[in-house]
Amino acid sequence: MDADVPMPADYSVDWFYAFGGPLGSCLFKSCHEDFLVDELLPFEPEGEGEHLFLLIEKKGENTNWVAGLLARHAGVRRQSVSYAGRKDRHGITRQWFCVSLPGMADPDWSGLESDTIRIIRQARHRKKLKTGALKANDFCITLRNVDADPDLVNARLEQISRAGVPNYFGEQRFGHEGRNIDKAVDMLAGKFRVQRNKRSVYLSAARSWLFNRVLSQKVTAGVWNQYLCGDALGFPDSNSLIFAAPDETMMTRLGNGELSPTSPLLGRGASKVTDQVLTFEQSVTAGYPQLCDGLERAGLLQERRVNCLIPQQFTWVWERSPEGSSLVLRFRLPKGCFATSVLRELFDCYEQEP
């Protein structure tokens with residue numbers, strides 16, 4: 001199968017929709033209380049060890065800024081404070097931070113809390129909290145001023161709850177107006193050099209953009225949620241992959257969302273997929289040799305990411321008032337997945353009154 005993809009004039013961040021496009025518009029993040037996120041760890045802190053885990057509720061604050069505040073208050077270097085993942089500044093998020101305190105007592109956190117920062121829980125653990133050490137995130141999102149037919153929205157929500165959505169990387173991965181991918185292209189072309197942390201951001205943007213590009217072409221071809229010969233199947237809640245040809249049991253699990261087809265996160269090494277899916281993916285990525293070669297030179301190892309994102313524990317409630325209709329969504333997503341990838345299949349979301 002050939003994706004038949006023309007070479008674009010630019011690196012746009014527009015992707016095909018799975019179900020025909022947004023049903024209307026809504027106001028997104030009109031206040032911090034409209035975007036609530038709870039971070040879930042895959043383990044419980046043990047209660048002892050040299051690393052102090054802190055579950056912190058932050059309101060309208062940047063994750064990295066909070067980490068710096070913890071370091072200053074504890075009297076340790078910034079490198080001694082870690083977190084599993086960055087969380088959106090515009091919202092109320094409950095996330096875990098880790099302060100490494102070898103041979104040190106717990107700091108006195110009095111005076112740290114404020115109207116925007118609150119310590120919910122603290123516990124010691126033997127190992128440092130590393131980036132990506134997450135199980136999932138729980139979301140509660142209130143969408144206001146919904147301008148769409150409620151019956152059509154309810155039908156779309158039911159469809160998403162069954163079939164899921166394309167597991168695109170969210171627009172925040174690509175920076176404001178997609179500038180991170182433009183900078184990645186220039187960086188890989190040798191037009192400028194950047195610091196290590198910025199280099200990582202741009203490489204991630206390039207890799208994510210190529211994944212989205214391949215997945216978008218699978219969406220428009222109608223095969224994003226279907227097994228193509230030679231593909232690897234993945235578990236949505238982990239990085240585990242199955243490269244063997246699926247048997248009847250695996251196809252059943254694919255049909256009910258326990259397994260998903262995958263697409264490439266490009267880097268070094270030969271692709272482990274073959275046949276039909278490899279031909280399709282190479283027909284897309286062949287148009288972007290600069291990005292592909294740059295990611296390989298950067299030393300990133302080739303990986304796979306699932307195509308299908310099915311929100312778990314998915315519920316929704318309509319709230320109506322004289323000001324208009326609001327829709328409250330609650331769902332759980334695995335780590336590394338984006339709530340905006342769910343929302344885009346419903347509405348055009350704007351964050352300011354148009």
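Start by selecting Asp275, which sits in helix 6, the helix that covers residues 275–285. Keep in mind while looking at it that this is a predicted model. With a relative accessible area of 48%, Asp275 is partly exposed. If you now display its surroundings and set aside residues up to four places away in sequence, you will find that Asp275 touches Cys229 and Gly230. For a sense of distance, add Arg193 to the selection: Asp275 and Arg193 are 82 residues apart along the chain, and their C-alpha atoms are separated by 38 Å.

Next, zoom out and show the whole protein as a cartoon, where you can look for eight helices and 16 strands. Measured out along the principal axes, the C-alpha atoms fill a box of roughly 60 × 55 × 45 Å. The radius of gyration is 21 Å, which agrees with the value near 20 Å that a compact globule of 354 residues would have. Of the contacts with a separation of 6 or more, 81% are between residues 24 or more positions apart.

Switch to a surface view, in which the protein exposes about 17600 Å², with carbon and sulfur atoms supplying 47% of that area. Beneath this view, buried residues make up 48% of the 354 residues. Colouring by charge brings out 43 positive and 44 negative side chains, and the centres of these two sets lie 8 Å apart.

How many salt bridges does the structure hold? There are 20 of them, and the next stops on the tour visit several by name.

Select Glu33 together with Lys59, a salt bridge in which the closest N and O atoms are 2.9 Å apart. Glu33 belongs to the loop between strand 1 (25–28) and strand 2 (35–40), whereas Lys59 belongs to strand 3 (residues 51–59), so this pair ties together parts that are 26 residues apart in sequence. Both partners can be viewed from outside to some degree, as Glu33 is partly exposed with a relative accessible area of 39%, and Lys59 is partly exposed at 29%.Then move to Asp34 and Arg144, which form a salt bridge with their closest N and O atoms 2.8 Å apart. Asp34 lies in the loop between strand 1 and strand 2, and Arg144 lies in strand 7 (residues 136–147), so the pair ties together parts that are 110 residues apart in sequence. Is Asp34 buried or exposed? At 1% relative accessibility, Asp34 counts as buried, while its partner Arg144, at 29%, counts as partly exposed.

For the following stop, select Arg121 and Glu44, another salt bridge, whose closest N and O atoms are 2.6 Å apart. Arg121 is in strand 6 (residues 117–125) and Glu44 is in the loop between strand 2 and strand 3, so the parts tied together here are 77 residues apart in sequence. Arg121 is partly exposed, with a relative accessible area of 32%, and Glu44, at 53% relative accessibility, counts as exposed.

To finish, select Asp38, Glu57, Arg94 and Arg118 as a group and show their side chains, since salt bridges that share partners join these four residues into one network.

How values were computed: Residues are numbered from 1 along each chain as its sequence is written. This is a predicted model: local features need pLDDT of at least 70, side-chain atom pairs count only at pLDDT 80 or more; totals for chains, interfaces and linings use all residues. Side-chain values use heavy atoms; hydrogens and water are left out. Helices (H or I, at least four residues) and strands (E, at least two) are DSSP runs, numbered from the N terminus. The radius of gyration is taken over C-alpha atoms; the globule rule is 2.2 Å times the number of residues to the power 0.38. Buried means under 20% relative accessible area, exposed over 50%, partly exposed in between (1.4 Å probe, protein chains only). Contact means heavy atoms within 4.5 Å. Accessible areas come from the Shrake-Rupley method with a 1.4 Å probe; for residues, only the protein chains shown count as cover. Lys and Arg count as positive and Asp and Glu as negative; His and the chain ends are not counted. The place of a charge is taken as NZ of Lys, CZ of Arg, CG of Asp or CD of Glu.
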